[in-house]
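Okay, everyone, thanks for coming. Let me put the structure up and talk you through a few parts of it.

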Amino acid sequence: MQAKKRYLILFSAGACLILLLYFGGMQTPLSKSNNRRDDRSLDGHHGSPQWHHFSGSLQPFSPWDQMETEEYNVHISPRQKRDVISGVYNGKRCRMDSCFDFSLCKTNGFKVYVYPQQKGEKMSESYQNILSSIEASRFYTSDPGQACLFVLSLDTLDRDILSPQYVHNLRTKVQNLHLWNNGKNHLIFNLYSGTWPDYTEDLGFDFGQAMLAKASIGTENFRPNFDVSIPLFGKDHPSAGGERGYLKYNSIPPYRKYVLVFKGKRYLTGIGSDTRNALYHVHNSEDVVLLTTCKHGKDWQKHKDARCDLDNAEYDKHDYREMLHNSTFCLVPRGRRLGSFRFLEALQAACVPVILSNGWEMPFSEIIHWNTAAVIGDERLLLQIPSTVRSIHQDNILSLRQQTQFLWEAYFSSVERIVLTTLEIIHDRVLQQAARSNLMWNSLPGGLYSLPQYSSYLGDFPFHYAKLGIKPRPKFTAIIHAVTPLVSQSQPILKLLVAVAKSQHCVQVIILWNCDKPLPAKHRWPATAVPVLVIDGESKVMSSRFLPYDTIPTDAVLSLDEDTVLSTTEVDFAFTVWQSFPERIVGYPARSHFWDSNKERWGYTSKWTNDYSMVLTGAAIYHRYYHYLYTSYLPASLRGLVDQLSNCEDILMNFLVSAVTKLPPIKVTQKKQYKETMMVQTSRASRWADPDHFAQRQSCMNKFASWFGSMPLVHSNMRLDPVLFKDQVSILRKKYKDIERL
């Protein structure tokens, strides 16, 4: 009897199992969204904070694909349809370990090759900017045999069949590339995909195992730790540099005229219409101003509804930029596609984005913690948005706004920034042992300036000292740049060497011998209490003074020209000041820049004024990391210009440090003797007295500003003097006695 029961139970269980299998109850692990989330967490993906879930049942959105209009009923050839169908994500399961060949990166590191442009192929300006940014980066190689990553010269940005930028027969053209290899180790950039009425994410060709750097990508099609979500940007987005964010003052409390604003198209039919058509429910014409217009497309009047006239009239009353700059929060609803131009506009304006685009993979989600700079909403909970943003505390609002500015300037202000961030993300995947930490990506100055090849430890970077609560080591290495032969024991370089070596903080003096004459004999150098290392400069160029020499054991570098006149007391005081500002240049000779409105260019001045924006590296202290950044981050073209002119290296270093810190240098006690000494040196003709030298520096200023995309130098009128420097007390009571005697 018991046996019959057991057989009956087994038979019932088997029947149930068969029914489950038949009706699809069991699915493969990668087919469910829950498993995607598990997979994402394993890949180190940081999801955006979600609003509380809506527990009730929701009616599905209108079936937009059943709506037809004369305008969009465009005839598509069978061949084009086949191309679209072939673009389905065949490599949906791709990850770095399954679809990327790491062996290509072992020999030459992470190098990127751009295919040569094929004759007769059209290319948009935006894609040209992308390729130019890659070719100007430190990753570029013109040799495909050295490459780890390949980028097409075929324009893949706009894959809308109706667009004039659409490249036809792309499938055949890509398959004919001899290095294609089913897309392995290839990166494809895309801004637009699909067309009316589908707006699918398919690109219209089979990209195989290639990675996508794609705008408006949905989480369902996004392959974590493989694809890169990029922002949607317009054709007028700056190619390099870009404007800084608009947050000029940290006003407390951080409230503006409006709480929440939006101004844009209201789609009457099709994808994206549901959310924008419902905005009028929360618009109150006072502090929540959400304006839409029906006036777009050729046949908008055919679909005109009862609200269109009123909406259009209200829309025309308000200036979009005025709203953008005077609102605390900016609504970023989805458009036809998931991404929107409003996203970057809000970031730059320090207007906290409120994202309403369910299923959108946020730009650079792999590295950016968007919960610190944006509010991630839910399209289904539109009515809760006003009360939600009003409930955010003013301290959090200020933090959110500050983070929008950091992210905008670090990763989004230009096409170049977007491209470099994409490449650096892939670089960190390939060289995982040297990958940046989350803190590096999400705090000043950002991942692009924190090169992991230098170090993976935060404490080795000067701009992270304050966050970590640490201080630099209390020692420095002096580097004296020598360009004239040693002919007399009374030359300034020997006096400078003795004075610097006497400093209690000095551990070593390096003489960089960039003179054409042979090295002097060892006995020609005076005896000192610290080691003196003479390095014979191989290239004899100006940029060699900023090479990241392995012989520099300290965090601090005291950079000196051979004819600089400094006392030991002055050196000690400057170093003491630098210890409080380790991320900046601290020194004596100051210069300034100005905008020449007559010539419409930047000017350079050495006049003694009440402010300054540069401290020349002829007598300055800075962190040794800037040697590495100068050599590895700046393009060879700028360093080549410096070497060709034998000039402007100090200006370029000031540009670089100010671009990183967004801060001015620090000038210590006025040293007028520095300028006077430079003008009367008899060892060689002073370059400071040469008018061509000054004209070159004017030219350098503008060439550097052009490469950086804006002027990074910051004016300051702060000067630090020793304590009790001018007070009427006994000289014996003063710590820096010698400075007052100057």
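So, strand β18, residues 590-596, pairs with β20 in the antiparallel sense, over 2 bridges. One of the residues to look for here is arginine 591, whose bridge partner in β20 is methionine 614. And yes, this is a predicted model, so please keep that in mind throughout.

Those two strands belong to an open sheet of 3 strands, ordered β19-β18-β20, with antiparallel pairing. At the edges you have β19 (601-605) and β20 (614-615); each has a single partner strand, so one side of each is left without a neighbour in the sheet. Then there's helix α22, residues 691-708, which packs on this sheet and touches β18, β19 and β20. The direction of α22 makes about 135° with that of β19.

Follow the chain out of β20 and you get to threonine 617, in the loop between β20 and β21 (619-623). Is threonine 617 buried or exposed? Buried: its relative accessible area is 0%. As for what surrounds threonine 617, leaving aside neighbours within four places in sequence, its contacts are Arg545, Phe546, Ser559, Leu560, Tyr622, Asp650 and Met653.

Okay, next sheet. This one is open too, with 5 strands in the order β1-β2-β4-β6-β7, and the pairing is parallel. β1 (112-114) and β7 (228-230) are the edge strands, each with a single partner, so one side of each has no neighbour in the sheet. On average, neighbouring strands here are turned by 25° against each other, ignoring direction.

Zooming in, strand β2 (residues 149-151) pairs with strand β4 (residues 186-190) in the parallel sense, over 2 bridges. Valine 151 stands opposite leucine 187 in β4.

Which helices pack on this sheet? I'd point to two. Helix α5, residues 125-135, touches β1, β2 and β4, and its direction makes about 140° with that of β1. Helix α13, residues 415-430, touches β1, β2, β4, β6 (211-215) and β7, at about 165° to the direction of β7.

Hang on to α13 for the core. The largest nonpolar core has 77 residues, and the ones with the most contacts inside it are Phe189, Phe364, Trp370, Tyr411 and Phe412. α13 gives the most to this core, with 8 residues. Have a look at phenylalanine 364: not counting residues up to four places away in sequence, it touches Val228, Ser229, Ile230, Pro231, Tyr411, Phe412, Ile418, Thr421, Thr422 and Ile425. Apart from the largest core lies another one, of 50 residues, with Phe463, Val557, Val660 and Phe704 among them.

Now pockets. I'll just do the second largest, which has a volume of about 1200 Å³. There are 44 residues lining it, and the closest to its centre are Tyr192, Lys265, Tyr267, Arg337 and Phe341. The elements that give two or more residues to that lining are α5 and β8 (258-265). β8 gives the largest share, 4 residues.

Finally, the whole-protein numbers. We have 23 helices and 23 strands. Of the 742 residues, 54% count as buried. And if you take contacts with a separation of 6 or more, residues 24 or more positions apart account for 76% of them.

That's it from me, happy to take questions.

How values were computed
Residues numbered from 1 in each chain as written. Predicted model: local features only at pLDDT ≥ 70, side-chain atom pairs only at ≥ 80, totals over all residues. Heavy atoms only, no water. Pairing = 2+ DSSP bridges. Axes fitted to C-alpha atoms, helices over the stretch in contact; angles between N-to-C directions. Contact = heavy atoms within 4.5 Å. Core = buried A, V, L, I, M, F, W, Y, C linked by side-chain atoms within 4.5 Å. Buried < 20%, exposed > 50% of the residue type's maximum accessible area, 1.4 Å probe, protein only. 1 Å grid on protein atoms, 1.4 Å probe; cavity = no way out; pocket = protein on both sides within 12 Å on 5 of 7 lines; lining within 4 Å. Points joined across faces, edges and corners; volume = space filled by probe spheres on them.
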